[in-house]
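Me: Please show me the structure, and then we can go through parts of its surface and its strands.

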Amino acid sequence: MSFQPTPTDIPVAITTPFTSSPSDEPRLHSERRITPTWTVQQVKAKLETMTGIPPSSQKLRLKTPGRAEHWVDGDDTIIGEWGLTRGCEIEVHDTRPQAARVNFTDLSSVEKYVLPTETYESLPNSVLAWKKSQKLGRFDPNALSPVEAMAEQARKDKEEVEKRDISVSKRAIILPSSPPHVRRGTIRFVGPVPAIPVPGVDIETVDTPALPIWVGIELDEPTGKNDGSVNGKRYFMCPNRCGVFVKPEKVQVGDFPPLGLDDELDEDMEEI
């Protein structure tokens, strides 16, 4: 009996058909080493783990460089007899109706596991357990309650407003600012903004004067967030994206004239 050398495995690109048009990328592009002496049925069994398509629903199209593409028929035939060479590609088609195919990319139907709160709180190596041991956040015996923290913030805001001489109609810039990224504008509002939530506090149960203070500014350029309204509640009027609300410590009042055409030309000349 003559010696029969072991056939060398051939690396083959494995793809699935285009999703909608030939310009799209294949849904799958991988590589598999194929033994030329395998039957087509054996190859299909190997490809099921890669494509999720059952062998009975697979239709293989062989693409070989320099040769015409052709379908691979006959599950009992040897795959090497179909001209399998290095650099070729096997495109795996799914013959099942679209409705019968499993959509592995749609996660909406996947049941997600949610760890019960009681179980999480009982874990000894969780972030919550570490915060408890370090007495951080709400586990700090000296920590202020949300309402107390809000009152403390309101007190600091009032001090900043007085210290920075913040009032309606004054010119100001928003900190931090450095040329050429200086946002300047006119102060249009100073006071509480109930439309902005306070973490851990039910705004409806708090008197408005006790809320933190915000400074509403109409910017010279459309680099803001709104038009002077927050969550449907209006506090001042300005063009869209020219309004912004910031904390008092972020405001610097001063002689900041509106940016004119001459200023823009000067800044452009400085960048040349």
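Me: Which residues form a nonpolar patch on the surface, and what is their accessible area together?
Reply: This is a predicted model, where local features need pLDDT of at least 70, side-chain atom pairs count only at pLDDT 80 or more, and totals for chains, interfaces and linings use all residues. Residues are numbered from 1 along each chain as its sequence is written, and side-chain values use heavy atoms, without hydrogens and water. A patch of this kind joins nonpolar side chains (Val, Leu, Ile, Met, Phe, Trp, Tyr) within 5 Å, from residues with over 30% relative accessible area (Shrake-Rupley method, 1.4 Å probe, only the protein chains shown as cover) and no salt bridge (a Lys or Arg side-chain nitrogen within 4 Å of an Asp or Glu carboxyl oxygen). Tyr113, Leu115, Tyr120, Leu123 and Val127 form the patch, with a joint accessible area of about 490 Å².

Me: Is Val127 buried or exposed?
Reply: Val127 lies in helix α3, residues 127-134 (helices are DSSP runs of H or I, at least four residues; strands are E, at least two; both are numbered from the N terminus). Buried means under 20% relative accessible area, exposed over 50%, and partly exposed in between. Because its relative accessibility is 52%, Val127 counts as exposed.

Me: In what order do the five strands of the open sheet run?
Reply: Two strands pair if DSSP finds at least two bridges between them. Strands β7 (residues 184-192) and β8 (residues 213-219) pair in the antiparallel sense over seven bridges. The pairing in the open sheet is antiparallel, and the order is β11-β8-β7-β6-β12.

Definitions and conventions. Patch = residues over 30% accessible without salt bridge, like charges linked within 9 Å, V, L, I, M, F, W, Y side chains within 5 Å. Buried < 20%, exposed > 50% of the residue type's maximum accessible area, 1.4 Å probe, protein only.
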